[in-house]
Amino acid sequence: MSAVVERIKEFVQYAKTLKGDEKGEAQVFCDRLFQAFGHKGYKEAGAELEFRIKKTNSKSTSFADLVWKPRVLIEMKKAGERLHLHQRQAFDYWLHLVPNRPRYVVLCNFNEFWIYDFDKQFDQPVDVVTLNELPGRYDPLSFLFPENKEPVFGNDREMVSRDAAAKVAELFHALVGRKIPRLDAQRFVLQLVVTMFAEDIDLLPANTVTHIVRDCLKHGQNAYDLFGGLFSQMNTKKPATAGRYKQVPYFNGGLFEQITPIELRPEELLLISNEENEGAADKNWKMVNPVIFGTIFQQSMDKGQRHAYGAHFTSEADIIRIVTPTIVRPFESKIAAAKTLKELIQLRSEIGSFRVLDPACGSGNFLFVAFRELSRLETILLSKIEHEFSAKAFEQTSKIACTISAKQFYGIEQDAFGVELAKVTLMLARKLACDEAQETLRRDQNVLDLAAAETLPLDNLDGNFTCGDALFADWPPVDTIIGNPPFQSKNKMQEEFGAEYLHRLREKHPDVPGRADYCVYWFRLTHDHLKPGQRAGLVGTNTIRQNYSREGGLDYIVSSGGTITEAVSSMPWSGEANVHVSIVNWIKGEDSGEKRLYLQVGNDPTAGWTFEDRPSISSALSFGFDVTKAIALRANALSKACHQGQTHGHEGFLLTPDEAKMMIAADAKNKEVIFPFLIANDLIGGRRSLPSRFVIDFGEKDLLEAKAYKTPFARVEKLVLPDRKEAAREEAERNKPVLKRNPEANVNQHHANFLAQWWRLSYRRKKLMALLATVPRYIACGRVTKRPIFDFVSRDIHPNDAVMVFPLADDYSFGVLQSTMHWNWFTERCSTLTERYRYTSNTVFDSFPWPQSPTKAEVIAIAKAARQLRSERTRLRDMHDYSLRDLYRDIDGPGDHPLDAAQDALDQAVRKAYGMRVNADPLRFLFELNLSLGQLEAAKSPITGPGLPKAFQGLQDVFSKDAVCLPK
């Protein structure tokens, strides 16, 4: 016998001597459990007992029995306690255990261990292990070992669901692959899926599908006849009096209204049922999470179509982040506050008529979870009636376990197959919810058994779901709106949807900024559709809190009577889309109490979360002081001090260093149109920040002038001209239907314009290049970066459009831009690309207030500190052979950083020039300064704009010569 098993057996014997007192014995139970898994005790392992957890929906603090971050939360209950009643409490504790939230949650009543992995499976434990089983089944708790072994669970519904989905999807693709019409294949597969669910949840005789497959494979019967007959009987009100389908009930629901039998080949039948290698029907569909429908939905769609729609799978944990604050908590509060039987009866009626809409419903996953949670709320309410009032009152008011109807749920979806999936998901929800409600009430020994509601025939939901574009459809009247609108950036919308669609969209919704992301339309329409007091919760790309997207969506919501009640500022998306998302829950009206704002740290879900409780959440979903209402200052906008670098537009303009050297060696004149070309990765990622490529830039030369540079011109003519011709042709084709509908329409002419000057860069930035010609060096930083790192660059080097350019040559301007004050303003005002920040001139630079009246000494002090910072950077880079990115990688983390002293000295100098108090909040100070400067400008009073103030232009102490430049 292994030492592990021996220790666990000793623990089991000890645990049996305990009475199971939650308060008196939970701590010693947990300590002995840790010893059994190889620790000296919980304390030595690093776990904490009675861990404080501040709840979102109350001002009280709760205490979790044991927390061992980032591995496990253990919540103990008294012996014999029914653990299913405490799943919601455990989830609520887990949700608030940030940062470094534990991966697993264990509910224990001294005899059973219910193990949850909420990130994968919210609804049910991934395994249940009894105390007696533990010596032989400790593997599900393997994460308790010091070495953190990977557990294997016996109720991993996600794994079963994905396996089943893969089999069904394989069958679908096989049918389509042999030219079965796509819609026929989809309908057949969907009817089959419902049948497999039905036989495992007791709506059909067991093994109905398996017997059909085996009769076809072993006895030569015909799948066309057998499945066709089964589906036809499922759509027949009159039951069969004899024969194979005698016990098959009437399903209806619209799904079986059209039967298109399909003859199946042997290999296709084996995908359905296979004795040697489990087929789809051989899975236990009781363990299949109905969210599987989302997986089937995605796998059965063409990838290109899915990308165009922006359709992506939403994990159950993320759905709960919306359903809980939008639907569950408000009803939980009402149930808890209800004092009379009449109030509870009225609340049950309210729950039973509560209507939910998902205007981008996909396969119905959000609606399914909403159905399930409403049913659970009803069960909580029934338990309260029984426990707080007489048994007679309970019997008189509670005849049926679940009164929630699929008719309460509505959806809009562009894909016809998605609509059918959503209907089926909601049809099955009723049966699953009723079974769960009965089981839950049955476990409560004091509650009388209630009758199950009839689940067959399935509801016909044709009137609840609309196949169409929600942005052009009528939305039904409902009580709440939830969902995950399509992800599509503003830059990709025309490419994916076409010019004609965009014109119709903007004509229909002219108040949404044209540069806003696609999901913003759903946020705005959702708020408009809500009645006062109603709530909504949506997932959006994290750009909804930034710039034009924020203005069109969250700014509009907040300024139109909306209150954000709970939100996730930014998190990597759980689905396959490589995006960061925000999750926003709001009410149309006022909402008392604190609001909770979450932020996931980094890209790894296990890395942890931060959160803040605050009186209000701004439309920027920001953790800092709210600066969303800062205004653009004319002095900044007109200063010509901030630009985006050159957009070459075609790889044909780019040269390797060797190619550039050869062209210049062949004709020295070519040096007039060939330049080093700096990208952001060169600037911060290279060991010496040197350009890794060159660019052919004919400047403002006309065609004949450019042609004089024979070799560069020939290269551009060969590589660029053909592609620009084709791009212009495709653009003209896209514009045809728009112009046919409206000859006066303002259509895109980008590629036509590029073709007219095909030898020139797409966007040369003429004004920028003219400014750079007047300065010996300019300040540059990456346009998209986790942290803006500024450096001086020689004017001989052309900046690529991945670089932000500041045509300022003085050290004072560098110091202000590299200061933490500017960094703080940048992070609150910028847009993002995934988790990286994007420097935007119109929102960051144009609104950033510069010091207004610095003295000569203060200007010199900033310049000196800026030079010292760069000197220290150079020393450290040379010492460690580092890039700037390497050097700054850990500067914001814990521990002292070699650059801290130099950065602190610079920040102190900049603060002094602003006249900022030592303890002042930089964001609040800058925001108030921004507004006061805006008022001065409105009164036609001059203000100090970006760069070195005019009074100090001739000051030599603020100019040095270091810059990124090519070696001579």
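Visitor: Contact means heavy atoms within 4.5 Å. With that settled, which strands does helix 30 lie across?

Guide: Helix 30 (residues 811–818) lies across strand 20, strand 22 and strand 24 (803–806). Helix 30 runs at about 10° to strand 20. Axes are lines fitted to C-alpha atoms, for helices over the stretch in contact, and angles run from 0 to 180 degrees between N-to-C directions. Helices (H or I, at least four residues) and strands (E, at least two) are DSSP runs, numbered from the N terminus.

Visitor: Ground rules for the model?

Guide: This is a predicted model, in which local features need pLDDT of at least 70 and side-chain atom pairs count only at pLDDT 80 or more, while totals for chains, interfaces and linings use all residues. Residues are numbered from 1 along each chain as its sequence is written, and side-chain values use heavy atoms, with hydrogens and water left out.

Visitor: Back to the strands under helix 30. What is the order of the open sheet?

Guide: The order is 16-24-20-22, four strands with antiparallel pairing. Two strands pair if DSSP finds at least two bridges between them. Strand 16 (643–644) and strand 22 (791–794) are the edge strands, each pairing on one side only.

Visitor: How many bridges between strand 20 and strand 22?

Guide: Four, in the antiparallel sense, with strand 20 covering residues 777–782. One pair of bridge partners is R777 and S794, the latter in strand 22.

Visitor: And the sheet with strand 17, what order does that one have?

Guide: That open sheet has four strands in the order 17-19-18-23, with mixed pairing. Its edge strands are strand 17 (654–655) and strand 23 (798–799), and each pairs on one side only. Strand 18 (residues 674–678) and strand 23 run parallel and are joined by two bridges. L678 has P799 of strand 23 as its bridge partner.

Visitor: Which strands does helix 26 lie across?

Guide: Helix 26 (residues 710–719) lies across strand 17, strand 18 and strand 19 (693–696), at about 90° to strand 19.

Visitor: Switching to strand 3. Why is it largely enclosed by the rest of the structure?

Guide: Because five of the five residues of strand 3 (residues 72–76) are buried. Buried means under 20% relative accessible area, exposed over 50%, partly exposed in between (1.4 Å probe, protein chains only). V72, I74 and M76 are buried on one side, and L73 and E75 are buried on the other.

Visitor: What are its pairings?

Guide: Strand 2 (residues 61–68) pairs with strand 3 in the antiparallel sense over three bridges, and V67 stands opposite L73. Strand 4 (residues 104–108) runs parallel to strand 3, joined to it by five bridges, and M76 has C108 as its bridge partner in strand 4. From strand 3 the chain passes through helix 4 (residues 87–96) to strand 4, a right-handed β-α-β crossover. Right-handed here means that, with the strands pointing away from the viewer, the path from the first strand over the helix to the second runs clockwise.

Visitor: What joins strand 2 to strand 3?

Guide: A hairpin of three residues. P70 sits in that loop between strand 2 and strand 3, and the bond joining K69 and P70 is a cis peptide bond with omega of about -5°.

Visitor: Is L144 buried or exposed?

Guide: L144 has 3% relative accessibility, so it counts as buried. L144 lies in the loop between strand 6 (127–130) and helix 5 (157–177). Beyond its neighbours within four places in sequence, its contacts include W68, R71 and V72. L144 and W68 are 76 residues apart in sequence, and 9.4 Å apart C-alpha to C-alpha.

Visitor: At what angle do helix 33 and helix 35 cross?

Guide: At roughly 160°, with the axes of helix 33 (residues 856–880) and helix 35 (residues 900–914) coming within 9 Å. That makes the two helices roughly antiparallel; the cut-offs are under 35 degrees for roughly parallel, over 145 for roughly antiparallel, 65 to 115 for roughly perpendicular, and oblique for the rest. Residues in the contact include A861 and L869 of helix 33 and L906 and V910 of helix 35.

Visitor: Where is D881?

Guide: D881 is in the loop between helix 33 and helix 34 (884–888). Phi of D881 is near 55°, a positive value in a residue other than glycine. Most residues other than glycine have a negative phi. D881 is partly exposed, with a relative accessible area of 41%.
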